[in-house]
Amino acid sequence: MQIAIVREVIDAGNITAELKAGADGAVCVFDGIVRDNTRGRRTLYLDYEAYEEMALNQMRSLAEEAIAKFGVRDIAVVHRLGRLYVGESSVLIAVASAHRGAAFDACRWLIDTLKKTVPIWKKEQFEDGAVWADGEPFPEEIVRG
Amino acid sequence: MQVRVLYFGVLKELFACPSEDIEVETGCNVGELRKVFHGRMPERAWKSMAIAVNQEYAGDEVLLFEGDEVALLPPVSGGAPGDACRRR
């Protein structure tokens, strides 16, 4: 597993190449990038910050859970922090598996779950002001135990 | 006893500091600490935050101990941008 929080450009090609092994029939890659607008409001850049030690622990547990749940062989999850401009990658998730179905399913589950539970936040800088992005509500079991 | 409370995202801006040492009663749990912050932040932020103790999400029943690291976490928004916003 490669689990990392970085402040430099995410090297998607290298991460994906390193993940591949002979037993794999598929690598499914999700590359999350900074869009140029939110609801039509033009975005200049995003500032990402994290509760870093906890975020890393959460990312590692999610990857372990995905391997157990979907039977995929290996996973890379890399998130970038700091200031990111339009078109840059904020997160890369790559899943290697013998079969594509499991790789797609695990990849989708990983990004959806990461967005709800991994303690990372972003502030969106627009042309006319800045706001902390509304996160999705925490899953009930997290807020109340 | 004292616990260290860390603030993130919008809460770090609201309190204008990344962390504070806070005095709480011995035997205090997460739910009681949560109440300490009621009224110190907008109601919506208070209702939607999660709390982590020593880097694990913690429900209201979890007991606090001297020196614990308690983090107040607004709803997270990592990953690819904007999906949550688009649904609203």
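Trainee: How many residues does each chain bring to the contact between chain B and chain A?

Mentor: In this predicted model, chain A supplies 42 residues and chain B supplies 37 residues. Together they bury about 3400 Å², and carbon and sulfur atoms account for 54% of that area.

Trainee: Which elements of chain B give two or more residues to the side that touches chain A, and what kinds of residue are there?

Mentor: Start with the polar side of the contact: 14 residue pairs, both at pLDDT 80 or more, are in polar contact between chain B and chain A. On chain B, the elements giving two or more residues are α1 (10-15), α3 (43-48), β3 (50-53), β4 (56-57), β5 (69-73) and α4 (83-86). The largest share, four residues, is that of α4(B). By type, this side of chain B has 17 nonpolar, twelve charged and eight polar residues.

Trainee: How many salt bridges cross the interface of chain B and chain A?

Mentor: The rule finds three. One of them joins the side chains of Glu13(B) and Lys123(A), at 2.4 Å from N to O.

Trainee: Now to chain A itself. What is the order of the strands in the open sheet?

Mentor: A general idea helps here: strands of a sheet pair through backbone hydrogen bonds, either parallel or antiparallel. In chain A, the four strands run in the order β1-β5-β7-β2, with mixed pairing. The edge strands, each pairing on one side only, are β1 (2-6) and β2 (26-33) of chain A. From one strand to the next, the twist averages 5°.

Trainee: In which sense do β5 and β7 of chain A pair?

Mentor: Antiparallel, over six bridges, with β5(A) covering residues 74-80 and β7(A) residues 89-97. Asp74(A), for example, stands opposite Ala96(A) in β7(A).

Trainee: Which strands does helix α2 of chain A touch?

Mentor: Helix α2 (residues 52-70) of chain A packs on the sheet against β1 and β5 of chain A, with its direction at about 155° to that of β1(A).

Terms used: Residues numbered from 1 in each chain as written. Chains lettered and ligands numbered in written order. Predicted model: local features only at pLDDT ≥ 70, side-chain atom pairs only at ≥ 80, totals over all residues. Heavy atoms only, no water. Contact = heavy atoms within 4.5 Å. Buried area = accessible area lost by both parts, 1.4 Å probe. Salt bridge = Lys/Arg side-chain N within 4 Å of Asp/Glu carboxyl O. Polar contact = N/O pair within 3.5 Å; in protein donor to acceptor, adjacent residues only side chain to side chain. Nonpolar A, V, L, I, M, F, W, Y, C, P; charged D, E, K, R; others polar. Pairing = 2+ DSSP bridges. Axes fitted to C-alpha atoms, helices over the stretch in contact; angles between N-to-C directions.
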